[in-house]
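Trainee: I have this model open and would like a close look at one part of it, a packed pair of helices. Please walk me through it slowly, and then show me what else is worth visiting.

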Protein chains: 4
Amino acid sequence: MFAEIKSINDECGVFGIWGHEKAAELTYYGLHSLQHRGQEGAGIVVNDGIELNVHKGLGLVNDVFKDAKFDQLQGRVAIGHVRYSTQGEKVYENVQPLLFRGQTASMALAHNGNIVNAYKLRGRLEKQGSIFQTSSDTEVLMHLLKRNGQDVNEETIGNALNQLVGAYAYLILTKKKLYAALDPTGIRPLSIGILGNAYVVASETCAFDQIGASFLREVTPGELITIDDEGIKSIRFTASNQRRMCAMEYVYLARPDSNLNYVNVHASRKQMGKELAKEAPKDADIVIGVPDSSISSAIGYAEESGLPYEMGIIKNRYVGRTFIQPSQELREQGVKMKLAPVRGIIEGKRVIMIDDSIVRGTTSKRIVQMLKDAGAKEVHVRIAAPPIQNPCYYGIDMSTRDELIAANHNIDEIAEIIGADSIAYLSEEGLERAILKEKSLNQGICMACMNGKYPVKEIVEKEVVYSS
Amino acid sequence: MFAEIKSINDECGVFGIWGHEKAAELTYYGLHSLQHRGQEGAGIVVNDGIELNVHKGLGLVNDVFKDAKFDQLQGRVAIGHVRYSTQGEKVYENVQPLLFRGQTASMALAHNGNIVNAYKLRGRLEKQGSIFQTSSDTEVLMHLLKRNGQDVNEETIGNALNQLVGAYAYLILTKKKLYAALDPTGIRPLSIGILGNAYVVASETCAFDQIGASFLREVTPGELITIDDEGIKSIRFTASNQRRMCAMEYVYLARPDSNLNYVNVHASRKQMGKELAKEAPKDADIVIGVPDSSISSAIGYAEESGLPYEMGIIKNRYVGRTFIQPSQELREQGVKMKLAPVRGIIEGKRVIMIDDSIVRGTTSKRIVQMLKDAGAKEVHVRIAAPPIQNPCYYGIDMSTRDELIAANHNIDEIAEIIGADSIAYLSEEGLERAILKEKSLNQGICMACMNGKYPVKEIVEKEVVYSS
Amino acid sequence: MFAEIKSINDECGVFGIWGHEKAAELTYYGLHSLQHRGQEGAGIVVNDGIELNVHKGLGLVNDVFKDAKFDQLQGRVAIGHVRYSTQGEKVYENVQPLLFRGQTASMALAHNGNIVNAYKLRGRLEKQGSIFQTSSDTEVLMHLLKRNGQDVNEETIGNALNQLVGAYAYLILTKKKLYAALDPTGIRPLSIGILGNAYVVASETCAFDQIGASFLREVTPGELITIDDEGIKSIRFTASNQRRMCAMEYVYLARPDSNLNYVNVHASRKQMGKELAKEAPKDADIVIGVPDSSISSAIGYAEESGLPYEMGIIKNRYVGRTFIQPSQELREQGVKMKLAPVRGIIEGKRVIMIDDSIVRGTTSKRIVQMLKDAGAKEVHVRIAAPPIQNPCYYGIDMSTRDELIAANHNIDEIAEIIGADSIAYLSEEGLERAILKEKSLNQGICMACMNGKYPVKEIVEKEVVYSS
Amino acid sequence: MFAEIKSINDECGVFGIWGHEKAAELTYYGLHSLQHRGQEGAGIVVNDGIELNVHKGLGLVNDVFKDAKFDQLQGRVAIGHVRYSTQGEKVYENVQPLLFRGQTASMALAHNGNIVNAYKLRGRLEKQGSIFQTSSDTEVLMHLLKRNGQDVNEETIGNALNQLVGAYAYLILTKKKLYAALDPTGIRPLSIGILGNAYVVASETCAFDQIGASFLREVTPGELITIDDEGIKSIRFTASNQRRMCAMEYVYLARPDSNLNYVNVHASRKQMGKELAKEAPKDADIVIGVPDSSISSAIGYAEESGLPYEMGIIKNRYVGRTFIQPSQELREQGVKMKLAPVRGIIEGKRVIMIDDSIVRGTTSKRIVQMLKDAGAKEVHVRIAAPPIQNPCYYGIDMSTRDELIAANHNIDEIAEIIGADSIAYLSEEGLERAILKEKSLNQGICMACMNGKYPVKEIVEKEVVYSS
């Protein structure tokens, strides 16, 4: 359903907990708060001390677990996963965590990110007799880990991770330990929290707030965390690079109440709006934002510019997966779906409309038209991030370069295509200022989709067929 | 699920359309936009020119119609209804529209409001041999209409309506005509729109925007509208009083993008926030609102006061009816459900928290505590409406007087109970200024739940057992 | 799904119990055993001593009650109903028991049969102001009962029943009493049983066996039974006629383990087979029956003739409502659905195939063809009842006269049409001998669909639009 | 639901088709006819010429495929599987066919039987780095096949099969070929049929009748069949032994209309009844069978003995998985579930009750009691097979030896325990006579569960943890 609004989609969120009697239930609530990171499927693997047990399925967290019997998911340790839906691969097998049943050692994996060299590694493994049951790149790590039936420990995990190229945040659960690993560039988010005596790991800190846990620290690039009843241990499996957290996490993907790498997402968005107001001011009557992700930047723009912020577009909360899409005929007659203009606010006004990104331009065009139909005198589009011109190889599902409007058109053309009276984007510097508290040697952001500077070297585009 | 947040609940929304090939589908989209007015059940009756056919069921509009075959709901005329869920009466029979099948004349009814003398009328009818199949007060009108097998027309409808006391917006569908009627005081909203050659009637104008229709005019107090292929006709079935639209529609119930009696709901809420900032200012760091209904007034308060508006509380969008409620134990450990604080925003701040009402106080207490747990230095509660001290007899399901915190405690006690550092309510005058563009002889609002001035005289509290 | 096999369908079964703590649950089990009498919908009304509560829905008993909370259906008295599905009227409203809510007296009705003059009565009632919410003829009795708001008691019920013409077995539940009534000719079955101190009433005695109750006696024609805590009471609301139990109940509709009017159904069917063997012998290798209803008569035929009975046709037990019907193309290629031949038995044999009836002939033709395809050398069809040549007005849904093969073709033509090597029917006298233990003044059977002798005089065919 | 009646359960059925445009649909109908072999889950893998695609799930065939889109399961080749439910392993992962996705070669497996040395093989494979995702022994073959990334062909399949010990019927689907293999002793059934130009393979011939296919021949012990567009090819992967088809397939498991190894199941059962009548005659009034599997043998007993066969027990056809089980209290009061006595038949009679087996004796005891409660004067139990005294290691889920009544009690004790007036079993010789047309060197049956003569040597009881 997001597809109507935006063609950017995150791929997955992970959650893990060690040392709480209600591990599976807390994972359920944690996954709930990470639901925005993936709506295709969800799952939990719990360690009951004897065996790893799994409950997973296609659908939203609520749907998957509505008939779950948590009394059959007993245990003090669990990991969970929410998965984003890509076309054609929406199959149960790919829902994570992946559970591998071994006579001596079972094991479960949950993954957020994208392994750039997965295709190559998988080909090599298959030639050696490995059998794959999913089309997920996550399974590759499992086979690397168990090559020759070796033990799973810090060393073997480190060796296996060093064969992977890409962006990843991994949770690995064995009967004895919970491991958390972040790729050497730290593109995807992964944080550690504390809940009483229990340790919690999650893609976003909002999961900590959801269950009443406190933030402890970030997992750092190239770090492998080991958690067991002895406590928490850290090694580096590789030399760490400058961290380059994905800028789109701040711009669009993460929940506003999360802190990513110590920076609050809502605050960074509001600051994007402020920077944008400085860079691209405009005389107008009101400032509005496209719900939900652009509300914060719209408020920032309004505050900086002194113009009133208004609720010019409303989002229908009850639109769901069972919603019957209006026919083309009815749509042309004006039947709305997810977003509706507030005519009483818009009519006769010069509107500054804040959005966080333009991908193909079709949605923006529709929204601008909707505002004009509702009587807006002028619509000035302001995008709280630089233009998206390149595909992402690190776990975000964007359109191909051919479809990216900003890769194929200059700013005036874009304004014309979407029907805006003017358009302006935030600069790269403005985005960096809004996100990074201080620019330092070990703190940076990945803006590859905007500026083409890919932080991980090996990229073979046609190989990228699987992601988690 | 609203019950967690608030103990005020609207009761029902109605929608009707005459003269469009896709009458049932458009009613479906219209009901969708009125979903916030009732989540218990939904239904559509369509006139296919030969017979009235019904599709209805318990649940959200999407759930009820997910398997509907609209090709079996052909016809150019339809009415629809969404119903609010009250405890214990959640049965299929009460879902509207009610359809009565007659050999010579079938008929359907959809109703928003509450008939104060329904119990008395029903008793009298039963003694005369009338048989009731629902516990809804809506059925009473049907029996009044058909007494002695008389024809249904403007005159007989007017006579029947004149026996009703209370607040109501009625849609009546026969094979030949669509009638819309509003009670003599106009407490509940009802508007007329145009879509091409078709006429549309709805509880809120957001339904017009949803389907691309234009607003034509309000139905006025004591007016009976008749729509057929000849066009639209109006009579008065009683002398009209000063219109007294329910203030809570503006404060809490209606969608912000609707215009009620020519006043935009979001704009009125923002104005409530501004009036509140004037009446009850406070030195603080940030202004936040309780989602969703208090966001507009929080923005208004911020704008008037010059303090920054921040997104201090986030609402989990994926909480639904299948959500597994956390156990008491987990809740005490801090597991959140619907609302979560944005710690990165709240921490160390003096917060002005805008809410639209306090009913029993339990939710407010929980939210204030949540903010303090998230590190708020001070929490100053500002309510964008006067205290609720009396029950409503006109179609809103509030707690009884015993449960209303403001009926039993003064302002200092309330502050202490909910744990706020200070608390203030908007005055009645402030609320009137925010809603009414001009105070005139024929424009007023009903604030009975706040000031006890009931606009309809006959109230016998114990009789009020049924409502629609 | 029965439609494939047969075009005869029963219409409804009723069950009632007075005086057991688990009244609703026992009704559930009772309805379960009556499931063959109706698969469209099912419902239970239970009297909890204060109020009548209902749980009903469309679908099989299991489906309707799978989420039922029997702890919310407390009470010592209940009635239930299973309803047969007719095309076009498969709506929730028609599912019984019908519950009428009154301020002073609620009431529920369950009905098996057909009221011949329902249309006329309903028209008269509507003209007097009665409002109907269903298209079921059952509702007519309710309005007759409550005319002028009168009390419901033996006298008023008797008066109301005397206005009805047709075949009916009625259960009427008020807060104080449970009534059971049978039409003056006793066409439909209705028996009384005892379970400890409780009384049970049911359409078939198999419901007594299901719950461990013992048979007490039949309800007799024109009798009104009243059950309450004082015990059981009987009056006659009309002079009784000779009982004329529907022959098709024995031939096809009832469960073989039921006793109808003191005669076991399986035993009567086996006797039909024996009579048939005497009347229409044939030299052949094996005798087979069409499952399920013709197995008993096939065994009887085999026993009488000395030929071996074999299982020549098997019925696929897992065919259900979600079964995906094979396309025409696949069906022509030989894909079977419900019935399959046992090739190992049939091949090279001269087969006597026993069936209980031929309605339109299409199913018989398909079965004969199937046997021949499986290698049968000859197929001799023997029907364990006389030809069906007339419609039923008393509650069985048959085809119209135009469609009845035996109404339009002689026996040789029928054999040719269905592809049988020979065909023979049981005589009327043979059927009577098989069913009636002794032919007496007050014991007879209704064979109107076979011989056109309708036991109830008033029949106006076009009026017959509603049945239960 | 079978568990109530019997504690013997088959484990799985397989179906495959090569060369028909509607391969997936025909597999659906084929699986439907094999539904009695497994109700836990079902699946189909179809080869669309480019890729193998799977649709599978927990539940009955109808449930699993009710939302299947067969237009997305295009292809001329498919295999399918129905799986029996064992306690605790009822998970999606184990539902077959298992699909393994490889970059160069995908592959699917469907299996009926039990691999005796699966645990040992799996342990060895895991030590070499193999990763298992199911707890099914079927997965072992896959890993054996793909060791070292070798090609899958007749030779490698033969080598892999030669490492397996046990009873199995395997279907293996690659992109290019469909393989069918039977273990060296031929314990489980597997037949080949023809439908036009297409080849069909199935566990039972009833699947051929279901889709209109003709039987071609049996797969023989130790044979590997290869089917592709060139036609059908056969090799032997091992020297064949005397075939020892499982006797319980005839006695209880298979459908009566199937021919197993050229012998019709119904006919063999009827013959068991006749042999039993010769071996254990008894003066009585009627012969009855326990539905469904003992009806044939009861008819045979009746025919041989000259006593009348009667329908003394009826099976409730609508009992399903959603059936609410009666509480202990209600059961004690006599509420029946699946089987009900026909009182009108049983009362006052001396009854010979034919059943096919007694496992733990609890069900038999309940049925005998039920007959006595229904008025049977005497109940003489006759079992149409020898006593079951040993566990099965070849794919049938029986109770352990401790629970088998005949392993722990002599015949008089059993009669007393189940409350029968007398009891007798068929002899081993009688069973052989009934099943085998001629006793020859290469035709035998496995009666290990009766006589302890296990045809496969290697049996290590504790290893047997997985079966398919």
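Mentor: Happy to. One term before we start: two residues are in contact if their C-beta atoms, placed from the backbone, lie within 7 Å. Please also keep in mind that this is a predicted model.

Your pair is in chain B: helix α8 (residues 265–279) and helix α15 (residues 428–435). Their axes run 8 Å apart, at an angle of about 145°, and the crossing of α8(B) with α15(B) is right-handed. To see who meets whom, select B:S268, B:Q271, B:M272, B:E275, B:L276 and B:E279 on α8(B). Facing them from α15(B) are B:G430, B:L431, B:R433, B:A434 and B:I435. Sorted by class, this contact is made of five nonpolar, three polar and three charged residues.

Now over to chain A, where the domain assignment gives domain 1 (2–241) and domain 2 (265–434). The C-alpha centres of these two domains of chain A are 34 Å apart.

Where chains A and B touch, each side is well populated: 50 residues come from chain A and 50 residues from chain B. On the chain A side, elements giving two or more residues include α1 (23–33), α8 (265–279) and α9 (295–305) of chain A. The most comes from α1(A), with five residues. By class, the chain A side has 24 nonpolar, 16 polar and ten charged residues.

A last stop is a set of cysteines. An unreviewed UniProt entry places a "binding site" feature at A:C246, A:C392, A:C446 and A:C449. They span 204 residues in sequence, but no two of their C-alpha atoms are more than 10.2 Å apart, so they gather at one spot.

Two of them deserve a closer look. A:C246 sits in strand β14 (residues 243–246) of chain A, and A:C246 is buried because 28 other C-beta atoms lie within 10 Å, where 20 or more is enough to count as buried. Beyond residues up to four places away in sequence, A:C246 touches A:I187, A:R188, A:Y394 and A:C446. A:C449 belongs to helix α16 (residues 448–451) of chain A and is also buried, with 28 other C-beta atoms within 10 Å. Setting aside neighbours within four places in sequence, the contacts of A:C449 are A:M248, A:I388, A:N390, A:C392 and A:M398. Notice the links inside the annotated set: A:C246 touches A:C446, and A:C449 is in contact with A:C392.

Conventions
Residues numbered from 1 in each chain as written. Chains lettered and ligands numbered in written order. Predicted model: local features only at pLDDT ≥ 70, side-chain atom pairs only at ≥ 80, totals over all residues. UniProt positions renumbered as here; feature names shortened; annotations may be inferred. Helix = DSSP H or I, 4+ residues; strand = E, 2+ residues; numbered from the N terminus. Buried ≥ 20, exposed ≤ 12 C-beta atoms within 10 Å, placed from the backbone. Axes fitted to C-alpha atoms, helices over the stretch in contact; angles between N-to-C directions. Left-handed = near helix turned anticlockwise from the far one by under 90°. Nonpolar A, V, L, I, M, F, W, Y, C, P; charged D, E, K, R; others polar. Domains from an automatic or database assignment.
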